[in-house]
Each structure stands twice: as C-alpha cells, then as structure tokens.
Amino acid sequence: MLFLFAILIGVLYGAAVYLLLRRNIFKLVLGLIFLGHATNLLLFVAGGLTRGFPSFLRDIPGEVEKMADPLPQALILTAIVISLGVTAFALVLVYRFYSVTKTVDLDELSENE
Amino acid sequence: MNIGILLLALLFLSVLAPFTRRYLGNAAGWIFAIIPFAGFVWFLGMLPEINRGEVFTHRYSWLPAYGIDFSFYIDGLSVLFSLLVLGIGAFILIYAGYYMKTYPMKGRFMGYLVLFMASMVGVVVSGNLITIFVFWELTSISSYLLIGYNHEKPEARGAALQALLITGFGGLALLGGFVLLGIPFGDYELTTLFSNPEVIKSSNLYLPALLLILAGAFTKSAQFPFHFWLPGAMAAPSPVSAYLHSATMVKAGIFLLARLNPVLGGTELWHYLLSIFGVTTMFVGAWLSITQTDLKRILAYSTVSALGTLVLLIGTGTEYAINAAIIFLLVHALYKGTLFMMAGNIEKNTGTRDINKLGGLFKYMPFAAIVMILALVSMAGIPPMLGFIGKELIYEAKSNAPSAHWFILIAGFMTNAIMVFLSMRLTLDIFWGKEPAYDKKPKEPSLALILGPFFLVVISLFLGLFPKTMANPLTSQAIMAISPGMAAIKLKLWHGFNLVLGLSALTIALGVVAYKYRDPIISMATRINLKYFREEFSRVFFRMIDYFLIYTKEQTKAIQHGYHRFYLMTVFVVASILVWIQIWNGDPVILELNFRDMPLNLVAVVALIIAATISAVVAHSRVVALIAMSVIGFGITIIFIAYSGVDLAITMVLVEILMVILAMAVLFYLPKYVKYSGTGARMRDALIASLVGGFMMVLVLQAGSSAVQEPVSEFFKQSSYTEAFGRNIVNVILVDFRAFDTLGEITVLAIAALGIFSMIKLTKKIKI
C-alpha cells in the first residue's frame with residue numbers, strides 16, 4: 001500500500017505545484033489546498049500504516065504495541081485546522097483582491113505596479 | 001604613559017570637541033594641541049630605548065579564538081610615523097582653530113581632525129593585521145568627513161564620495177589580503193609574521209595576498225591609476241590638505257608597504273610591481289602638475305609624484321633606497337605640510353589660489369614668504385635644506401637600482417627638474433612678478449597661522465644642517481625595521497664631487513632653463529594633455545559608478561521581477577534539481593510490491609482521488625474543480641478511517657464541508673476561468689510539477705522504509721491514562737500534553753477569523 005500512497009502523494013504535490021504556478025489567483029488557492037492535503041498524507045504515511053487499531057486505550061492486553069502512532073495524528077489534526085484557517089483567509093483575500101482590482105490575473109497586478 | 005591611554009584620550013577628545021566650541025572659541029586649537037604634543041614628547045622620550053633596538057609590545061585580548069588581539073607593536077618605524085602624525089597634528093590643530101574661524105560647526109571639524117589623528121596613530125602602532133585594518137578604515141572615514149566638510153557644495157560631496165569609494169575599495173581588498181596573509185601563519189600578529197617571514201613567500205597564497213594588499217596600499221597612497229582622488233580631495237579646507245592629504249594619511253599606504261616589507265618584500269614580483277607603479281606615478285604626478293594653476297592642485301599632484309617616488313624606493317629595496325625612502329618621507333612631510341598651510345594662508349589673505357592671479361606678495365608678507373620659500377627650496381632639493389639630502393640619496397639609490405636603473409634615473413631626473421621648475425614658479429610668480437589688484441591689502445598671517453609652517457621649515461633646516469646628530473637618530477631604527485640587517489647610512493650635507501652631485505646640479509640647471517621658457521613649455525604640456533589625457537580620471541570614475549548603478553538596477557529588476565509564479569518556479573526548480581541529484585547519488589529505493597496488503601476498496605479510493613486531482617487541475621469550470629476538490633477531501637477522509645485515524649476523519653469531514661461552502665460563496669463573485677497561459681507554459685509547469693511530485697514520491701518510499709529513531713509516542717501511550725485520565729490518546733495529546741500548542745492554534749484561527757471579518761466589512765464600506 002505504501003507504493004500506492006507514494007504515487008498518490010506525488011500526484012497531489014505535482015497538482016499543488018502546477019496550480020501554484022498558474023496566473024489565476026483562485027487556482028493559486030486551490031494549489032494551497034492541495035499542498036495541505038499532500039503534506040497531511042505525507043505525515044500520515046510516514047507515521048506508519050496501521051489498520052483497524054485507533055489509538056484508544058481499551059485495556060486490551062498488548063494493545064499499546066499494536067495501536068496506531070498517536071503523535072503524527074495529533075500533528076495532522078493541528079495542520080488540518082490551521083490549513084482551514086489559511087484557506088478561508090486566502091479565499092476571502094481572493095474575493096477582496098477581485099473586488100478591488102477587478103481581475104483575477106496575478107500578472108496584471110505586477111504590471112500595474 | 002601607555003599607548004592605549006593616548007589613543008583613548010584622542011578619541012575622547014574627538015567626541016568632546018564639537019561641544020567645546022562655545023566655551024573655547026578660536027583658541028580651542030591651542031588647548032586641543034596639548035594632547036598630541038604630550039604624545040609627541042612621549043614618543044620622543046622613547047627614542048633612546050628604540051635606538052638601542054628595543055621594541056615595545058602590548059597585547060589586549062580581543063577575539064583570541066580567531067587570533068585577533070588588540071595589540072601594539074612600537075618600533076623605530078612606528079615612532080617616526082607617530083612623531084610626524086602627532087607633531088604636525090599639534091601644529092595643524094592650532095592652525096585650524098584660527099583658519100576655520102569663519103566656518104560653521106568648527107567644533108565638529110576639530111573633532112574629525114582629532115579622530116583622524118587617533119586612527120592614524122592607531123595604524124602605525126598596531127601590532128595585529130586586523131587592528132591595522134580597523135584603524136585604516138577609520139582614517140578613510142575621517143578623511144571622507146573632512147573632505148566633505150563643506151557639504152553644501154556638490155563638488156565637495158563628490159570628491160569626498162570619490163575618495164571614500166576608492167579608499168574603501170582598497171580597504172576591502174586589504175582586508176582580504178590580510179586574511180590570506182594570516183592563513184599560512186595561523187595568526188595575525190606582526191611578531192609572528194616577522195619571526196618567520198618565509199612561511200608566506202613559499203605559500204601559494206603569496207600572490208593573491210600580495211596583490212590585494214598592494215591594491216589597498218596603492219589606493220590609499222594615490223598611486224597611478226588611482227591617483228585622481230587626491231587632487232579631488234583638495235575640496236577640503238587647507239588644514240585637511242596639509243595634514244591628511246600630504247603629510248600623513250596618504251603615507252599610510254607607504255607605511256604599510258614599509259611595515260610588511262620584511263614579510264612580503266624581497267621577491268621579484270614585489271620589486272617589479274612596486275617599481276613599475278612607483279615610477280609611473282612619480283612621473284605622471286609631476287607631469288600633470290605642470291599645467292595646473294590652482295596652488296593646492298599643483299601641490300596635490302606633486303604629492304602624488306612624491307608618493308610614487310616612495311613606492312619606487314621601497315620596491316627598489318637596496319640599502320640606499322630604503323634609507324632614501326625614510327629620509328624623503330620625513331622631508332616631504334615637513335615641506336608639504338608647510339606648503340599646504342601657506343597655501344591656505346595665501347588664500348585667506350588674497351581670496352584666491354590661482355597662481356596666475358597672484359604676484360608681488362613678498363612686500364606684504366616677507367616673513368611668511370621666507371618660510372614658504374625655504375619649504376620650496378627643500379622641495380627643489382637645494383642645500384642646506386633636508387630636501388637636498390633626500391634628493392641626493394634618491395639619486396644614489398636610483399643609479400644603483402638593480403634593474404632598469406637608466407630608465408628610472410631618467411624618469412627621476414625629469415621629475416626632479418619639474419620639482420625645481422615648480423618651486424621657482426611658485427616662488428617667483430607668487431612673491432614677485434606682476435601684482436594684480438587685491439580686494440584688500442594682504443598682510444602677514446597671524447601667529448597661529450604661521451607657527452606650524454615656521455616650525456616645520458625650521459626643523460627641516462636643522463635636520464639638513466646637522467644630519468648626523470639630528471636626522472640619523474630619528475630614522476636609523478625605522479630603516480632597520482623596514483629591512484632587518486640593513487644599516488642606516490651616515491647622512492651628510494656634503495658628499496664631495498661625484499655623479500650624484502653632478503646630477504643635482506644638472507637638475508637645477510634644467511629646472512631654471514625650464515622656468516625661463518615656461519610659457520612655451522606650459523602651453524605645449526597643455527596641448528599634449530588635451531590630446532592624450534583628455535579624459536579626466538575622476539569623470540571616468542563617476543561614469544563607471546553610474547554604469548554600475550544602472551547595472552545593479554537592471555539586475556534587481558531581473559531578479560525581483562514581481563511575478564509570484566517565477567519566484568515559486570525558481571524555488572521549485574532549484575529544490576528539485578538538488579534533491580534529484582541527491583536521489584541519483586543515494587542508495588537505490590527498494591520497492592516491495594505486496595499485493596496482499598492492497599485491499600481493493602482502498603485501491604479504488606486512491607484511484608478515485610488521483611482521477612479527481614487530475615480533473616480538478618484540468619477543469620475548465622470552477623464548479624467542477626470545486627467538486628473534484630471535495631471528492632479528494634472525502635477520499636482522504638476514507639484513507640484516514642481505514643488506517644486508524646478516527647479523529648482525523650471527523651475533523652476532515654467538518655473542515656471539508658466548511659471549505660466547500662466558503663469556496664462556493666467566494667466563487668459566486670469571481671469571474672469564470674479564462675485561459676491565461678499558452679500550451680508551452682503549461683507544459684513547462686507540468687514538467688516542473690512532475691519533478692517536484694516525483695521527488696516527493698521517492699521521499700515517501702524512502703521515509704516509509706527508514707525508521708531512524710524510537711518514536712516518542714511511547715511516552716504518550718504509557719501516560720495518557722495514568723497522568724491525563726484520557727483514553728483517546730490523540731485528544732489527550734492535543735488538549736493536555738500539548739495544550740499550549742492548541743491554544744496557539746486557536747489564537748491563529750481567531751486572528752484569521754478577525755482578518756476575514758474585517759476584509760468583508762471593508763468591502764461593504766467601499767460599496768456604500
């Protein structure tokens with residue numbers, strides 16, 4: 001499964017980079033979202049893949065050895081929430097950008113300066 | 001008294017000086033002069049011990065780990081230079097006090113002068129290369145402040161900047177040279193350098209170190225082709241010209257060459273470089289002085305010539321040459337200081353420095369005239385002044401030069417003839433000759449203004465009359481410091497009839513003849529200069545600076561272009577190249593394809609996410625892209641659930657729903673997709689994207705197979721229930737063990753919410 005996830009993460013990062021290089025500011029934000037997804041998955045996969053054994057303490061003997069690593073999950077949880085904040089802010093910024101400049105082309109912004 | 005105390009006292013005085021003007025007025029110079037005079041006496045008192053061959057060293061720890069210490073090394077050379085700097089400096093301070101009477105902010109001017117004095121003494125007594133460099137730069141800075149003193153005048157600012165840029169460039173080169181020089185020794189202390197000078201000569205760092213240090217010395221000492229800043233520096237008030245730009249600062253380069261002669265000198269390269277630059281500067285300086293009419297510029301070019309002579313003599317390196325260099329240094333400082341101060345006096349009294357507009361001054365100021373004429377006699381090298389001894393030694397040295405001595409001798413002969421010519425011209429044209437109509441009647445300069453010139457000339461005269469008892473003790477140890485093993489020659493005013501005396505006579509005769517035919521000679525020189533030296537060096541310099549500015553502007557434009565995607569592209573391309581090189585050179589990735597742990601439902605989810613990703617990227621419709629995005633989000637949620645990330649899945653679902661709603665709301669206001677980039681740009685971006693995606697893929701494969709350290713999670717697993725009483729470990733980590741992180745996260749969200757709120761509010765206001 002690791003191999004498949006590697007491909008998935010690679011595709012997500014590739015999509016993020018491609019979208020970040022676009023001129024449309026909305027696509028830039030999509031790129032940011034992709035970057036967040038890709039990184040979350042990267043952390044998740046790097047923490048080890050454990051099937052069907054969440055990190056709950058249920059007083060089952062030997063559960064500590066079997067259960068999923070809780071630390072990467074805690075980190076990813078933080079990251080998901082932060083990327084929600086970033087994305088929401090970016091989206092409103094895009095809206096604001098458009099209502100002021102009347103364009104979504106970032107190049108036009110550079111040329112206007 | 002300790003040398004450190006002297007330096008501190010001078011620095012303290014320089015800080016204090018701007019505030020004393022109100023209380024001391026024009027007499028400030030007399031009071032300020034006490035400290036340098038005390039220093040002068042102290043150095044004079046050291047002379048007997050120095051002449052017994054003693055060297056004084058002090059060392060204060062500064063950065064011992066780098067071999068950089070605040071250390072002092074006082075030998076004959078340091079004492080000679082310190083005496084010049086402090087002795088002439090004391091007179092300059094007295095002179096400046098009255099000379100600057102009408103200028104604004106005189107206190108600050110005095111402060112700069114004293115600052116310069118401290119740094120110059122610092123250069124000559126330093127025992128560590130880095131310490132020398134620090135003081136060296138301080139002299140450049142104080143020179144900048146002094147040249148630009150009349151800062152309302154654009155030409156003063158220009159000249160100051162030019163001098164600073166050239167000497168600053170030299171200073172930078174010098175630092176590089178010092179660092180290279182220090183590498184083979186492992187230390188920057190002069191004592192280490194002197195103890196085993198062969199270390200650097202056999203090292204392959206010798207050439208770069210030498211070239212860089214020479215760049216520093218040549219720029220400071222105004223060697224051709226860097227000579228032009230010195231005449232430009234004449235924009236400074238006369239005390240500055242007399243002090244910095246003739247007697248002391250420009251000699252710092254000479255000092256450095258002399259100081260490092262035992263370490264760097266004695267090689268063919270040293271000999272040829274110094275001789276070529278020296279002889280060129282000597283002649284060019286003298287030649288360019290012929291056509292000048294500004295008294296100070298004439299003197300400035302003759303200073304350039306004298307500096308060239310000094311470099312040439314040090315480069316020649318024979319016993320006679322080193323003797324001649326030290327004597328000439330002393331001679332030149334004495335007469336040039338006098339001449340510049342007198343130039344200032346003449347300008348003060350008549351309102352002009354143009355020698356064509358001067359004449360017949362002898363009857364107005366006979367005493368001052370005699371002082372100046374004696375200095376000019378010294379410059380011409382006529383007995384009984386010390387200048388004569390200096391010139392005789394130089395001829396002797398040049399005729400015995402190890403190579404090309406005929407060429408050097410002829411160039412030197414011409415130079416000296418020009419000096420005789422200049423001396424006659426200045427003497428006769430200024431003090432006799434046709435008298436123009438002066439605005440006010442010139443009179444004798446006041447005591448403070450004539451004191452310095454008078455004493456310097458008298459010293460020069462006495463040194464010339466009694467060379468063995470007076471000049472020899474001053475200079476003999478300096479000579480030995482430059483070239484260990486060389487002896488000081490017994491100086492005599494009269495050497496008997498020989499080749500050198502014949503040359504001297506011939507020089508004077510040629511100078512006199514040249515003066516007789518001065519008009520055709522000057523007009524010829526003007527014609528030649530117009531034809532071959534048309535371009536003024538300083539104009540070329542400023543044009544170079546302009547081009548440099550244009551170049552940097554273009555460079556900034558090219559690098560800081562303002563297009564976000566090209567910045568990002570640079571980062572991505574560079575990063576992927578570096579990582580791919582690393583992957584290429586690293587261990588091969590081992591692929592373990594185990595189809596048994598690939599449940600079909602999960603494979604389908606991964607395939608779905610990939611398909612959604614592609615459609616989100618290539619979608620022509622924004623709504624399609626957004627729907628694809630939410631497919632990806634929920635797909636990832638399923639992966640989290642499948643691999644035991646229950647909390648993650650719950651959060652992800654909530655976040656995805658929020659995100660889609662928000663994006664939809666924003667999208668409502670945005671225009672439809674327009675095709676901005678062409679196919680070429682898309683292909684290029686796709687290539688970059690696949691490079692980055694590719695290395696991230698390899699990274700995952702590598703990371704999955706290399707657990708380097710025991711996970712820290714064991715601690716959380718063990719103590720989640722016992723310490724925090726929670727069974728859901730992920731939750732416990734977030735709200736208990738790492739509670740402050742979560743608090744920070746909430747704060748970030750709150751700030752983001754505030755930002756969003758205010759942006760929406762702001763829009764509404766504008767709409768109203």
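**Exercise 1. Place Ile5(B) and decide whether it is buried or exposed.**

Solution. Start with the secondary structure. Ile5(B) sits in helix α1 of chain B, which covers residues 3-16. The model is predicted. Next, count neighbours. Ile5(B) has 11 other C-beta atoms within 10 Å. The cut-off for exposed is 12 or fewer. Ile5(B) is therefore exposed. Last, check a pair distant in sequence. Gly39(B) is 34 residues from Ile5(B) along the chain, and their C-alpha atoms are 10.0 Å apart.

**Exercise 2. Find what is unusual about the backbone in the loop between α11 and α12 of chain B.**

Solution. First, recall the general rule. Most residues other than glycine have a negative phi, and most peptide bonds are trans. Now take Ala222(B). Its phi is near 55°, a positive value in a residue other than glycine. Ala222(B) belongs to the loop between α11 and α12. Then count its neighbours. There are 28 C-beta neighbours inside 10 Å, and buried needs 20 or more, so Ala222(B) is buried. Move on to Pro225(B). The peptide bond from Phe224(B) to Pro225(B) is cis, with omega near 5°. Pro225(B) also lies in the loop between α11 (206-220) and α12 (229-232) of chain B.

**Exercise 3. Describe Ser644(B): which sign does its phi have, and is the residue buried or exposed?**

Solution. Read the torsion angle. Phi of Ser644(B) is positive, about 70°, although the residue is not a glycine. Locate the residue. Ser644(B) is in the loop between α28 (622-642) and α29 (646-667) of chain B. Count neighbours. With 24 other C-beta atoms within 10 Å, Ser644(B) is buried.

**Exercise 4. Work out how α27(B) and α28(B) are arranged, and what their contact is made of.**

Solution. Two numbers come first. Two packed helices are described by the angle between their axes and the distance between the axes. The axes of α27 (residues 600-618) and α28 of chain B come within 8 Å and cross at roughly 155°. Angles over 145 degrees count as roughly antiparallel. α27(B) and α28(B) are therefore roughly antiparallel. Their crossing is left-handed. Now the residues. α27(B) contributes, among them, Leu602(B), Val605(B) and Leu608(B), while α28(B) contributes residues including Val624(B), Ala628(B) and Ile632(B). By class, the contact has 16 nonpolar, three polar and no charged residues.

**Exercise 5. Repeat the analysis for α15(B) and α16(B).**

Solution. Take the axes of α15 (residues 268-290) and α16 (residues 295-316) of chain B. They come within 7 Å and cross at roughly 160°. The two helices are therefore roughly antiparallel to each other. The handedness of the crossing is left-handed. Sort the contact residues. There are 14 nonpolar, 13 polar and no charged residues in the contact of α15(B) with α16(B).

**Exercise 6. Characterise the side of chain A that touches chain B.**

Solution. Begin with the totals. In contact are 72 residues of chain A and 83 residues of chain B. Then assign elements. Two or more residues each come from α1 (2-20), α2 (25-46), α4 (70-101) and α5 (106-112) of chain A. The largest share, 23 residues, comes from α4(A). Finish with the classes. The side of chain A that touches chain B holds 52 nonpolar, 13 polar and seven charged residues.

**Exercise 7. State how chain B is divided into domains, and what separates their centres.**

Solution. List the bounds. Domain 1 of chain B is 268-494, and domain 2 is 722-768. Compare the centres, taken over C-alpha atoms. They are separated by 80 Å.

Conventions
Residues are numbered from 1 along each chain as its sequence is written. Chains are lettered from A and ligands numbered from 1 in the order in which they are written. This is a predicted model: local features need pLDDT of at least 70, side-chain atom pairs count only at pLDDT 80 or more; totals for chains, interfaces and linings use all residues. Axes are lines fitted to C-alpha atoms, for helices over the stretch in contact, and angles run from 0 to 180 degrees between N-to-C directions. Helices (H or I, at least four residues) and strands (E, at least two) are DSSP runs, numbered from the N terminus. Angles under 35 degrees count as roughly parallel, over 145 as roughly antiparallel, 65 to 115 as roughly perpendicular and the rest as oblique. A crossing is left-handed if the near helix is turned anticlockwise from the far one by less than a right angle, and right-handed if clockwise. Ala, Val, Leu, Ile, Met, Phe, Trp, Tyr, Cys and Pro count as nonpolar, Asp, Glu, Lys and Arg as charged, and the others, Gly among them, as polar. Two residues are in contact if their C-beta atoms, placed from the backbone, lie within 7 Å. Domain bounds come from an automatic or database domain assignment.
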